[in-house]
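Me: I am new to this structure and would like a close look at a single part of it. Please take the disulfides as that part, and walk me through them with some care.

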Amino acid sequence: MVQRRLVLFFVVVTVTLFEVRAQNQPNASGVCQSNTNCSDLPATCINCSDLPATCINCSFNTSCAYGANTTVQCSPRSGVRCQGNQNFTRTSLCMYCYQLPPEKYCCTQNTSCVVRGTPPSRYLATCTIFDDTLCLSANRTFNKWLPCNRSTGKRWSTAVLLSFTVGGFGIDRFYLDQWGTAVGKLVTFGGLGVWSILDVILIATGYLTPGDGSSYVY
């Protein structure tokens, strides 16, 4: 009895530490940069050549070599105030906005798509080019199909630990919001051990995932 209580105490402390660590980690998905309000920029504080891409007009040569750096002539948009030379050059990738690498833009996140499925689920996202990036097209917003990678913070390592230690009580399935089967596992004491062993394998291989359809945090 004492040993069982010690095991449960160890599991609770370990899970708490994992969850606190997960909450303190920065969001890897990133946050979209908001477009600058060009009319609010103080003219005495910014050089024209330093204006964000959303505040300038540039002349692109569409016959440039795809993917290569190209030099473009730019000037402030009408109504934008700045100091210094009104005509300047910028370096840009010879790509249309939707062709840029993912680190050059951010996309909306879907909070309801289901990660599981064959083929993998996808959702239509709205993507916006970052303010410091130039591209050939004037429209800096575009739509793109992205794989569903939604996560609600359930950690794979925590699920494996719970399944290996107290899986016989259904704690692992309670953690994964698999409430119906968790109760069944609890009252049958992990299917007399067989169910517990299977769940350790299923969780460790990533086959058994959170009940809301989200993905693990690894």
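Reply: C97 and C135 form a disulfide in this predicted model, with their sulfur atoms 1.8 Å apart. The torsion about the S-S bond of C97 and C135 is about 55°, so this disulfide is right-handed. To place the two ends, look for C97 in the loop between β3 and β4, and for C135 in the loop between β5 (122-129) and β6 (141-147); the pair therefore ties together parts of the chain that lie 38 residues apart in sequence. Both ends are hidden from the surface in the sense used here, since C97 is buried and C135 is buried as well.

The loop between β3 and β4 also holds C94, which brings us to another bridge: C94 is paired with C64, a residue in the loop between β1 and β2. The sulfur atoms of C64 and C94 are 1.9 Å apart, and the torsion about their S-S bond is about 80°, so this disulfide, too, is right-handed. Here the link spans 30 residues and joins distant parts of the chain, with β3 covering residues 88-93 and β4 covering 105-107. C64 and C94 are both buried.

A further bridge has its ends in strands: C58 is bonded to C74, with an S to S distance of 2.0 Å. C58 belongs to strand β1 (residues 56-59) and C74 to strand β2 (residues 69-76), so that distant parts of the chain, 16 residues apart, are linked. The torsion about the S-S bond of C58 and C74 is about 105°, so the disulfide is right-handed. As for C74, its relative accessible area is 2%, which means that it is buried, because that value falls under 20%.

These three pairs are among the 6 disulfides found in a search of the whole structure. To set them in their surroundings, it helps to know that the chain has 6 helices and 8 strands, and that its elements, read from the N terminus, run α-β-β-β-β-β-β-β-α-α-α-α-α-β. Of the 218 residues in the chain, 35% are buried, C97, C135, C64 and C94 being included among the buried ones. Links across the sequence can also be seen in the contacts of the chain: when residues at least 6 apart in sequence are considered, 59% of the contacts join residues at least 24 apart. On the outside, the accessible surface of the chain comes to about 13,100 Å², and carbon and sulfur atoms account for 59% of that area.

Terms used
Residues numbered from 1 in each chain as written. Predicted model: local features only at pLDDT ≥ 70, side-chain atom pairs only at ≥ 80, totals over all residues. Heavy atoms only, no water. Helix = DSSP H or I, 4+ residues; strand = E, 2+ residues; numbered from the N terminus. Buried < 20%, exposed > 50% of the residue type's maximum accessible area, 1.4 Å probe, protein only. Contact = heavy atoms within 4.5 Å. Areas by Shrake-Rupley, 256 points an atom, 1.4 Å probe, with all protein chains shown as cover. Disulfide = S-S within 2.5 Å.
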